[in-house]
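Visitor: I've got a new structure open on my screen and a few things to ask about it. Could you walk me through it?

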Amino acid sequence: MDNIESELDNNTPLYEPDESLYMSVPTAYPENGIADIRANYPANRDQNPYGTCWAFSSTGLAEFDMINDGLASKDTVDFSEAQLVYFAYNFVTDPLGGTEGDKAKYNNKLASTIYQNRGGNFEYALRRYSQWIGLVNESDVPYSIFKNDTNASIDSKYAYGYDRAHLQNAYEINIKQQPQQVKEMIREHGAVGAMYYDRDAGWGFYGDDAYTYYDADRAGGGHAVMIVGWDDKECAIA
């Protein structure tokens, strides 16, 4: 299912920032487009063969933010998507017992759809990261753990014991009513996450491995991505 539609898709609150930088928002960012993104941020990750776009975009947002904060570089940061996917569906109580009573256990052998393909969204990721599960390095919990065995379990020690970063703040912004605020967030944090319906519509190619997507008549879940820049005169970079 990839991205699962959430209530926030249709009822996103208006964000009220402490201060506004609207007057300084350029018509295009970054200045050199995709070349700047490739120079400063990690290359695209591959979710194949599972419906885990929501986890890839969520961990990517953390990577981009840490780079923008000077806490990592594109060559030193690579967070585990598998860790997020697994513990989103298989909960572990925190060491201090603050989440005692919260339970989640997904049995792939009994389910009609394995959890790797059941899907998720940014709310799924926010729920786990706000409980300080993760983020951990890809080398500790590689995505390839699911390659030969979708029933593979991940040791509970990787829920809390190997964290490399913790979520401190999350911002939900109404992109239709506050596009300028979204642009500010991209410049400040490197990227924002977005969800869209991706069926029965065409893609447009405009060069240098960049595509545009148009579907004004559809709504619902489908795919989760990161928006990493824009060009008001041409096309958005996604």
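What follows is a short chat about this predicted model.

Visitor: Let's begin with the fold. What pattern does the protein follow, read along the sequence?
Guide: Keep in mind that this is a predicted model. The protein has 7 helices and 6 strands. Put in sequence order, they give the pattern β-α-α-α-α-α-α-α-β-β-β-β-β.

Visitor: And what share of the residues counts as buried?
Guide: Buried here means under 20% relative accessible area. The protein has 238 residues, and the share of them that counts as buried is 46%.

Visitor: I keep seeing aromatic rings. How many aromatic pairs are there?
Guide: Two rings of Phe, Tyr or Trp pair if their centres lie within 6.5 Å. By that rule, the count of aromatic pairs is 16.

Visitor: Take tyrosine 50 and phenylalanine 146: how far apart in sequence are the parts that this pair ties together?
Guide: The two rings sit 6.2 Å centre to centre with 90° between the planes, an edge-to-face pair. Both residues are buried. Tyrosine 50 is in the loop between α1 (34-40) and α2 (53-68), while phenylalanine 146 is in the loop between α5 (122-130) and α6, so the parts tied together are apart in sequence by 96 residues.

Visitor: What about tyrosine 86 and phenylalanine 87: what kind of aromatic pair do they form?
Guide: Tyrosine 86 is buried, at 7% relative accessible area, and phenylalanine 87 is buried too, at 1%. Their ring centres are 5.0 Å apart and the planes meet at 85°. Planes over 60 degrees apart count in one class, so this pair is edge-to-face.

Visitor: Which residues do ring pairs link into a cluster?
Guide: Both of the pairs we just discussed have their residues in it: Tyr50, Phe146, Tyr86 and Phe87 are among the members. The full cluster is Tyr50, Trp54, Phe56, Tyr86, Phe87, Tyr89, Tyr106, Tyr115, Tyr124, Tyr143 and Phe146.

Visitor: Now the backbone. Which peptide bond is cis with omega near -10°?
Guide: Look at proline 30, in the loop between β1 (28-29) and α1. The cis bond with omega near -10° is the one from tyrosine 29 to proline 30.

Visitor: There's also a cis bond joining glycine 134 and leucine 135; what is its omega?
Guide: Leucine 135 belongs to the loop between α5 and α6. The cis bond that joins glycine 134 to leucine 135 has an omega of about 10°.

Visitor: Which residue has a positive phi although it is not a glycine?
Guide: Go to the loop between α5 and α6. The residue there is partly exposed, with a relative accessible area of 42%. Its phi is about 65°, and it is tryptophan 132.

Visitor: Is glutamate 172 buried, partly exposed or exposed?
Guide: Glutamate 172 lies in the loop between α6 (157-160) and α7 (179-189), and a negative surface patch is formed by Glu5, Glu7, Glu123 and Glu172. Its relative accessibility is 33%. Buried is under 20% and exposed over 50%, so the class in between applies: partly exposed.

Visitor: Last one: how far apart in space are alanine 39 and lysine 74?
Guide: Alanine 39 lies in helix α1 and counts as partly exposed, at 46% relative accessibility. In sequence, alanine 39 and lysine 74 are 35 residues apart. In space, C-alpha to C-alpha, the distance is 8.4 Å.

Notes:
Residues numbered from 1 in each chain as written. Predicted model: local features only at pLDDT ≥ 70, side-chain atom pairs only at ≥ 80, totals over all residues. Heavy atoms only, no water. Patch = residues over 30% accessible without salt bridge, like charges linked within 9 Å, V, L, I, M, F, W, Y side chains within 5 Å. Areas by Shrake-Rupley, 256 points an atom, 1.4 Å probe, with all protein chains shown as cover. Salt bridge = Lys/Arg side-chain N within 4 Å of Asp/Glu carboxyl O. Lys, Arg positive; Asp, Glu negative; His and termini not counted. Charge placed at Lys NZ, Arg CZ, Asp CG, Glu CD. Helix = DSSP H or I, 4+ residues; strand = E, 2+ residues; numbered from the N terminus. Buried < 20%, exposed > 50% of the residue type's maximum accessible area, 1.4 Å probe, protein only. Phe/Tyr/Trp six-rings, centres within 6.5 Å; stacked < 30°, edge-to-face > 60°.
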